[in-house]
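Trainee: I'm new to this one. Could you pick a single part and take me through it closely?

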Amino acid sequence: MHPSPPQDYTRSLVHAARTGELELIEWLLAKGVSVKSGAAPLIEAARRGHKGVVELLLEKGASAHERSKGGLTALMAAAARGHKEVVQQLLEHGADHGEEEGWTLLDVDTDLGRKEETAELLPELTRGVDSQ
């Protein structure tokens with residue numbers, strides 16, 4: 001009896017996104033693993049600045065709006081680590097700033113002491129916010 005491929009392969013997709021293994025991700029997607037199985041693969045790739053992986057996941061249907069159970073988005077993860085190109089990429093795919101969900105990108109980055117860096121990444125978010 002073989003283990004259920006979707007569950008095992010989904011875990012492998014998260015790991016491959018975290019480590020930036022583009023070829024493995026392509027193989028897993030060819031095997032039928034869905035990028036719509038949760039936010040983790042996109043968030044992990046964004047957090048680590050894997051631009052090619054982020055692009056592939058978005059092209060294959062991952063949602064730039066999806067949140068983790070804790071409320072984190074890929075946009076927040078990328079911005080928190082200063083991955084400007086990935087932030088831009090996510091915005092181009094319609095990622096929102098999270099205002100409707102409670103926690104916002106600015107909240108996360110202010111807590112991390114990165115408000116000024118966020119202002120550079122997303123000036124429209126921080127207009128009128130002083131940089132105390």
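Mentor: Let's go for the pairing of helix 3 (residues 40–47) with helix 4, whose axes lie 8 Å apart and pack at an angle of about 155°. Keep in mind that this is a predicted model. Angles over 145 degrees count as roughly antiparallel, so helix 3 is roughly antiparallel to helix 4. As for handedness, helix 3 passes helix 4 in a left-handed crossing.

Now look at who touches whom. Helix 3 brings Pro 41, Leu 42, Ala 45 and Ala 46, and these meet Val 53, Val 54, Leu 57 and Leu 58 of helix 4. Sort that contact by class and you get eight nonpolar residues, with no polar and no charged ones.

While you're on helix 4, which spans residues 51–59, find Gly 52 in it. Is Gly 52 buried or exposed? Neither, really: its relative accessible area is 40%, and buried means under 20% while exposed means over 50%, so Gly 52 counts as partly exposed. Its C-alpha atom is 9.5 Å from that of Glu 21, although the two residues are 31 apart along the chain.

From there, hop over to helix 2, residues 22–30, where Ile 25, Leu 28 and Leu 29 are the buried residues. Looking down the axis of helix 2, you'd see these buried residues fall within an arc of 100°, so they line one face of the helix. Glu 23 and Ala 30 sit on the other side of helix 2, and both are exposed. Just past the end of helix 2 comes Gly 32, with a positive phi of about 105°.

Methods. Residues numbered from 1 in each chain as written. Predicted model: local features only at pLDDT ≥ 70, side-chain atom pairs only at ≥ 80, totals over all residues. Heavy atoms only, no water. Helix = DSSP H or I, 4+ residues; strand = E, 2+ residues; numbered from the N terminus. Buried < 20%, exposed > 50% of the residue type's maximum accessible area, 1.4 Å probe, protein only. Axes fitted to C-alpha atoms, helices over the stretch in contact; angles between N-to-C directions. Parallel < 35°, antiparallel > 145°, perpendicular 65-115°, else oblique. Left-handed = near helix turned anticlockwise from the far one by under 90°. Contact = heavy atoms within 4.5 Å. Nonpolar A, V, L, I, M, F, W, Y, C, P; charged D, E, K, R; others polar. Arc of directions from axis to C-beta.
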